[in-house]
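Hi,

Here is the structure I promised to send over. Have a look at it first, and then read on for my notes.

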Amino acid sequence: MESVDKIKMHQQLCSELNEIYAKKNHDYGDSFGESFKEWGILAAMVRMSDKWNRLKTLIRLSEDNRKVQDEKITDTILDLCNYLLMTHMELILQRKEKRNNGED
């Protein structure tokens, strides 16, 4: 695959991540941000750990042996990507807030 094709694929995936983020944020509210404010980066690590564990389980099981048939490896990967992005966003917001409060 040519580099230009991969760049377009990356753009499409980032767009898809944004759509997933917007939909889930609409349905769940900013639960991730609230957890991050309360528990810090530990909250993000726990959620990402859950996704890693789910990914490992899905990889070990064949699709025929899965109880939840609509759970896809790619869905879990996209969720993990969004958790990483949301963690980065919260760290940026945290630094910005510290600067605004004169703590930095």
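Below is what I found, going from the overall fold to the salt bridges and then to the surface.

One thing before you start: this is a predicted model, so please read everything here in that light.

**Overall fold**

The protein has four helices and zero strands, and along the sequence that reads α-α-α-α. With a radius of gyration of 17 Å, well over the 13 Å that the globule rule gives for 104 residues, the protein is more spread out than a compact globule. If you want a feel for the dimensions, the C-alpha atoms fill a box of roughly 55 × 35 × 25 Å along the principal axes.

Of the 104 residues, 21% count as buried. The exposed area comes to about 8,200 Å², and carbon and sulfur atoms supply 54% of that. I also looked at contacts with a separation of 6 or more: residues 24 or more positions apart account for 61% of them.

**Helix 4**

Helix 4 covers residues 73–100. It has 28 residues and reaches 41 Å from its first C-alpha to its last, close to the 40 Å expected at 1.5 Å a residue.

Its buried residues are T76, L78, D79, L80, N82, Y83, M86, T87 and E90. What do they pack against? The buried residues of helix 4 pack against helix 1 (3–28), helix 2 (31–39) and helix 3, the last of these being residues 41–60. After helix 4 comes G102, which has a positive phi, near 75°.

**Salt bridges**

There are three salt bridges in the structure, and two of them are worth taking together. In general, side chains of opposite charge can pair when their charged atoms come close.

Start with K24 and D79, where the closest N and O atoms are 2.9 Å apart. This pair links distant parts of the chain, with K24 in helix 1 and D79 in helix 4, 55 residues apart. The two ends sit in different settings: K24 counts as partly exposed at 34% relative accessibility, whereas D79 is buried, with a relative accessible area of 12%.

D79 also forms a salt bridge with K51, again with the closest N and O atoms 2.9 Å apart. Here too the pair links distant parts of the chain: K51 is in helix 3, D79 in helix 4, and they are 28 residues apart. Is K51 buried or exposed? At 9% relative accessibility K51 counts as buried, because the cut-off for that is under 20%. So both partners in this pair, K51 and D79, are buried.

Put together, K24, K51 and D79 are linked in a network of salt bridges. It is worth displaying the surroundings of K51 as well. Leaving aside its neighbours within four places in sequence, K51 is in contact with T76, D79, L80 and Y83. Each of those four also appears among the buried residues of helix 4.

The remaining bridge is between E34 and K37, with the closest N and O atoms 3.8 Å apart. Both residues lie in helix 2, three residues apart, about one turn of the helix. E34 is partly exposed, with a relative accessible area of 47%, and K37 is exposed at 58%.

**Surface**

Which residues make the nonpolar surface patch of about 380 Å²? They are I41, L42, M45 and V46. Of these, M45 is found in helix 3 and is partly exposed, with a relative accessible area of 47%.

One more residue to click on is H88, which is in helix 4. H88 counts as partly exposed, at 46% relative accessibility. H88 and I41, one of the patch residues, are 47 residues apart in sequence and 9.8 Å apart in space, C-alpha to C-alpha.

If you only have a few minutes, I would begin with the K24, K51 and D79 network, then turn to the patch made by I41, L42, M45 and V46.

Cheers

Conventions. Residues are numbered from 1 along each chain as its sequence is written. This is a predicted model: local features need pLDDT of at least 70, side-chain atom pairs count only at pLDDT 80 or more; totals for chains, interfaces and linings use all residues. Side-chain values use heavy atoms; hydrogens and water are left out. Patches are made of residues with over 30% relative accessible area and no salt bridge: like charges are joined within 9 Å, nonpolar side chains (Val, Leu, Ile, Met, Phe, Trp, Tyr) within 5 Å. Accessible areas come from the Shrake-Rupley method with a 1.4 Å probe; for residues, only the protein chains shown count as cover. A salt bridge is a side-chain nitrogen of Lys or Arg within 4 Å of a carboxyl oxygen of Asp or Glu. Helices (H or I, at least four residues) and strands (E, at least two) are DSSP runs, numbered from the N terminus. Buried means under 20% relative accessible area, exposed over 50%, partly exposed in between (1.4 Å probe, protein chains only). The expected span of a helix is 1.5 Å times one less than its number of residues. Contact means heavy atoms within 4.5 Å. The radius of gyration is taken over C-alpha atoms; the globule rule is 2.2 Å times the number of residues to the power 0.38.
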